[in-house]
Amino acid sequence: MQPVSLTISEGIAHLRIDNPPVNALNQPLRAGLRDAALRIAGMPDVQKVVLSCAGRTFVAGADIRELGAPLEPYLPDVLDLIAGSSVPWIAALHGTVLGGGLELAMACHARIAAPGTRLGLPEVSLGIIPGSGGTVRLPRLVPMSDAIAMVTGGKPVSAEAALAMGLIDRIASGDLQAEAQDMPAPAAPLLDRPVREAGAIDWHAQEQTLRRKSRGAEAPLEALAALRDSAELPARDAMARERERFLRLSVSDQSRALRHVFFAERDAGRSLRDIEAAPADLARVGVIGGGTMGAGIAAALLIAGSSVRLIERDAQAADMAQTRVADLLAASHKRGLLRDLSALERLTTGSDYAALADCPLVIEAVFEDMEVKRQVFTRLDAVMPADAVLATNTSYLDVDTLALTTRDPSRVLGLHFFSPAHVMKLLEVVRGAHTGPRALATAGALARHLRKTAVVAGVCDGFIGNRIMNAYRTDCEFMLEEGALPEQIDRAMEGFGFAMGIYAVQDMSGLDIAWAARKARAATRPADERYAHIADRLCEAGRLGRKAGRGWYDYATGTAQPDPQVAQIIAEESARAGRTRREFSDAQIMDRILSVMQAEGRTILAEGVADSAEDIDVVMVTGYGFPRHKGGPMFLAG
Ligand code: 3HC
Ligand code: NAI
């Protein structure tokens with residue numbers, strides 16, 4: 001099938017792109033566009049070209065698999081042909097108009113979009129910048145401040161926002177094709193127009209802010225520099241500089257890493273999507289326990305459109321859970337992530353399991369205590385219909401043991417959400433020894449419904465993510481014993497690109513769940529295994545993290561401050577372990593952390609707990625703050 005088809009009718013050339021799945025600008029499509037542009041140039045009767053796409057979206061960008069090894073014809077040359085055409089080209093947009101797709105639309109002479117279209121330049125999320133005139137054309141259409149936000153942030157904007165800023169000329173009210181045909185085209189070529197409102201930009205301040213925000217990612221800074229070129233150089237020179245930057249970045253380690261994560265995320269959970277069994281219907285979902293996680297899971301489900309029946313221990317706890325969910329929805333609404341608060345009307349709370357009878361899926365998020373969970377599953381087994389899927393959000397407990405408390409363990413699995421559950425994208429799907437296809441298909445459907453990235457994990461202590469985190473957390477404590485301090489380890493991790501260091505994270509999520517897990521393991525821990533007691537001593541001293549006002553840091557002033565009591569405990573434990581304290585450089589700290597992550601990752605793979613090294617990277621990047629532009633620990637291991 002040809003990716004481009006051309007039909008002429010009454011002086012209008014209709015150019016249709018059809019290159020599934022997302023009309024990416026691969027070599028055959030670029031060649032098809034070039035050939036069509038050349039043919040149209042030789043047709044004196046054509047007065048206008050309407051460019052549109054078949055399928056779910058307009059062009060969603062360059063073909064990411066071709067980045068770093070471009071093939072002729074190059075996109076900037078094809079776009080120059082279009083922009084230089086003597087007859088106007090009208091871009092009729094729908095779906096997601098991204099990257100090279102938006103550059104193509106901007107090379108046309110006018111743009112009309114179907115309602116609901118989203119437009120963006122997400123190149124920075126792939127470690128590159130727009131490479132076909134995007135940074136030069138965009139600020140000639142929209143004010144420079146909007147161009148900076150779009151190009152350095154990479155987030156798409158709505159059709160309404162695009163219209164307001166000048167990126168498109170119209171939103172279609174009816175038939176997109178017919179209205180595109182009637183669009184007038186502007187008189188002056190875009191590149192002859194001046195850049196809009198660049199005088200007000202403080203480039204230095206923009207750079208400082210971006211440098212802080214991008215945590216070592218180089219593309220956003222390059223994108224800003226390219227926009228500055230647009231403001232300060234003639235358009236053609238700025239285009240040439242943009243192309244140089246693009247070509248350099250497209251072969252960079254960061255871009256390779258980001259492309260790896262892009263495809264790894266799309267491959268993750270593929271096995272769940274391929275299951276033939278029918279998933280449970282997700283219109284009504286039960287949640288048991290409305291604490292931190294249960295409330296977040298309920299909020300995620302409500303935001304996605306499900307009705308939720310939330311069961312707590314008693315009426316008072318149910319009321320508290322209701323308030324928690326309402327607060328989460330209100331915060332999401334405030335952040336513009338939820339249109340209105342009517343979602344709350346789909347929540348019912350109570351303490352009677354009978355309310356769950358019509359829920360094909362129930363997710364348990366009660367205390368991390370096997371006995372409490374066992375009782376919950378025994379009750380569920382008694383009241384739920386035989387085909388209902390039962391899930392646990394446990395962090396560490398044995399899903400197989402829990403499954404065996406029910407008559408049909410094939411309907412039990414783990415659904416390990418991350419906090420805050422209505423925000424975090426990762427969902428570890430824990431496949432137990434007995435878990436059946438319907439339960440797994442339901443997990444896949446749930447991930448799609450909630451727009452989360454599912455990664456399948458086997459049963460073990462901590463599944464993929466917590467197990468790797470525990471391994472390096474243990475080693476970090478050894479480093480504390482050997483001479484490092486928590487604030488130094490956090491600084492090294494943040495310098496590497498983590499949003500937060502391991503100690504700041506522990507304080508935020510609370511030290512108690514991992515403490516309980518260590519206590520549960522104590523009986524089976526080999527006597528000769530190295531064990532640092534520092535975290536236990538902090539917990540024993542009531543330093544359970546932010547919620548207690550102190551953990552690895554002190555929070556009396558409202559921000560994390562290193563605490564002499566912690567340094568004292570560390571010094572005592574160094575002495576008890578007979579260690580002579582020594583200096584650690586940030587690089588040595590990161591080497592240790594990465595090598596422990598990689599070693600644990602290899603063991604997890606050998607045991608079959610993770611299906612692939614890519615899955616491990618997805619877990620660490622989407623759930624544990626591993627810097628995306630580094631690709632994940634297994635990617636770095638090569
Ligand atoms: N190149 C190659 N393949 C792509 C692609 C692209 N730009 N965009 C998506 N795909 C593939 C995916 O890998 C997936 O393949 P699979 O089915 O084999 O897994 C398939 O298309 C569908 O993608 P999604 O599962 O992501 O589908 P969604 O409907 O959820 O999302 C989307 C669609 C919003 C278009 C999303 O795929 C997306 O964001 N794609 C990337 C867009 C992008 O980054 N474009 C910029 C590219 S760089 C560029 O244009 C440089 C230019 O300046 C020169
Ligand atoms: P939490 O203590 O905030 O909430 C637990 C809730 O369960 C409380 O509201 C409690 O009243 C309720 N509950 C206890 N027994 C119950 C019962 N028999 N019936 C109904 N409700 C009952 O705990 P949190 O943090 O929400 O953790 C819940 C589960 O999620 C645990 O298994 C935990 O390991 C897991 N988890 C926690 C994460 C976190 O970051 N906090 C992350 C991922 C998983």
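## Two ligand shells and three domains in a predicted model

Of the 24 residues around ligand 1, those that come nearest are Ala 60, Gly 61, Ala 62, Gly 99 and Gly 100, where a residue is near a molecule or strand if its C-beta atom, placed from the backbone, lies within 6 Å of it. This is a predicted model, in which local features need pLDDT of at least 70 and side-chain atom pairs count only at pLDDT 80 or more, while totals for chains, interfaces and linings use all residues. Residues are numbered from 1 along each chain as its sequence is written, and chains are lettered from A and ligands numbered from 1 in the order in which they are written.

Two elements, β5 (96-98) and α3 (100-107), each supply at least two residues of the shell around ligand 1; helices (H or I, at least four residues) and strands (E, at least two) are DSSP runs, numbered from the N terminus.

Ligand 2 is surrounded by 26 residues, and the closest are Gly 289, Gly 291, Met 293, Ser 395 and Ser 419. The elements that give two or more residues to this shell are α13 (292-304), α15 (370-383) and β15 (412-417), and α13 gives the most, with 3 residues.

The table sets out the make-up of both shells, with Ala, Val, Leu, Ile, Met, Phe, Trp, Tyr, Cys and Pro counted as nonpolar, Asp, Glu, Lys and Arg as charged, and the others, Gly among them, as polar.

| Shell | Nonpolar | Polar | Charged |
|---|---|---|---|
| Ligand 1 | 11 residues | 8 residues | 5 residues |
| Ligand 2 | 12 residues | 11 residues | 3 residues |

An open sheet is formed by 6 strands in the order β1-β2-β3-β4-β6-β9, with mixed pairing, and its edge strands, β1 (4-9) and β9 (170-171), each pair on one side only. Two strands pair if DSSP finds at least two bridges between them. Within this sheet, β3 (residues 48-53) and β4 (residues 89-93) pair in the parallel sense over 3 bridges, and Val 49 stands opposite Trp 89 in β4.

On the larger scale, the protein is divided into domain 1 (4-251), domain 2 (272-457) and domain 3 (470-608), with bounds that come from an automatic or database domain assignment. The centres of domain 1 and domain 3, taken over C-alpha atoms, are separated by 48 Å.

UniProt, in an unreviewed entry, lists residues 462-555 as "domain: 3-hydroxyacyl-CoA dehydrogenase C-terminal"; such annotations may be inferred rather than shown by experiment. In the model, the span 462-555 is 59% helix and 2% strand, and its end C-alpha atoms lie 28 Å apart.
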